[in-house]
Amino acid sequence: MINADLLRSLAIDPSGLDPAPPWTPRGSAGIQRLNGRHPCVRCGRPSTVAGVLETPEHGRRWVDRCVPCLVATTPRGGPQAPLAETPAALQEAARTTGVALTTAADEA
Ligand SMILES: [Zn+2]
């Protein structure tokens, strides 16, 4: 499921997206959608991934993306600790897993 924040960050109005069918277990609507040669919502190239956004205001809407835009717009988890604590977290992970680790810091 696509997060509505993603569309807001891309300045895409969900009301302009095609309505998507209701969710069904093992539904094949997404695969059928890819056969329709829909443009990527971000760059306009042919989409290769069909996702769905569901909001109370707009219901279920197709969010078609190409792979580069999918990768560029997929949220990733940020660091779990402040950056200054990252070396210590890596050393602790290496110690608990038995992996030899050498760290170096650029003091520039
Ligand atoms: Zn794209």
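Where in the protein is the place of E92? Its place is in helix 4, and the views below, all drawn from a predicted model, come back to that helix after a look at the whole chain.

**View 1. The whole protein, with its four helices and two strands.**
Let's start wide. Reading from the N terminus, the elements follow the order α-α-β-β-α-α. The C-alpha atoms occupy a box of roughly 50 × 35 × 30 Å along the principal axes. The radius of gyration is 20 Å, whereas a compact globule of 108 residues would come near 13 Å. Buried residues account for 14% of the 108 residues. Of the contacts between residues at least 6 apart in sequence, 47% link residues at least 24 apart.

**View 2. The largest nonpolar core, built from eight residues.**
Its members are I2, L7, L17, A20, V41, L53, W62 and V63. A20 is a handy one to zoom in on. Beyond its neighbours within four places in sequence, A20 is in contact with A29, V52, R60, R61 and W62. W62 therefore appears twice in this view, as a member of the core and as a contact of A20.

**View 3. R65, a buried arginine in strand 2.**
Strand 2 covers residues 59-65, and R65 lies in it. Is R65 buried or exposed? R65 counts as buried because 26 other C-beta atoms lie within 10 Å, where 20 or more are needed. Setting aside residues up to four places away in sequence, R65 touches C40, V41, R42, S47, V49, G51, L70 and T73. One of these, V41, also belongs to the largest nonpolar core. For a sense of distance, look across to P25: it is 40 residues from R65 along the chain, and the two C-alpha atoms are 22 Å apart.

**View 4. A11, a residue with positive phi in the loop between helix 1 and helix 2.**
The loop holding A11 runs between helix 1 (4-9) and helix 2 (29-34). A11 is not a glycine, yet it has a positive phi of about 60°. A11 is exposed, because just 6 other C-beta atoms lie within 10 Å and the limit for exposed is 12 or fewer.

**View 5. L83, an exposed leucine in the loop between helix 3 and helix 4.**
Here the loop joins helix 3 (67-73) to helix 4 (86-97), and L83 has its place there. Why is L83 exposed? There are 8 other C-beta atoms within 10 Å of L83, so it falls under the limit of 12 or fewer. L83 and G51 are 32 residues apart in sequence, and their C-alpha atoms are 33 Å apart in space. You may recall G51 from View 3, where it touches R65.

**View 6. Helix 4, which lies largely in the open.**
Back to where we began. Helix 4 has 12 residues, and from its first C-alpha to its last it reaches 16 Å, close to the 16 Å expected at 1.5 Å a residue. How many of its 12 residues are buried? The number is zero, so the helix lies largely in the open. E92 is part of this picture: it is exposed, with 12 other C-beta atoms within 10 Å. From E92 to P22 the C-alpha atoms are separated by 46 Å, with their positions 70 residues apart along the chain. Just after the helix comes G98, which takes a positive phi of about 75°.

Technical notes. Residues numbered from 1 in each chain as written. Predicted model: local features only at pLDDT ≥ 70, side-chain atom pairs only at ≥ 80, totals over all residues. Rg over C-alpha atoms; globule rule 2.2 N^0.38 Å. Contact = placed C-beta atoms within 7 Å. Core = buried A, V, L, I, M, F, W, Y, C linked by C-beta atoms within 7 Å. Expected span 1.5 Å × (residues − 1).
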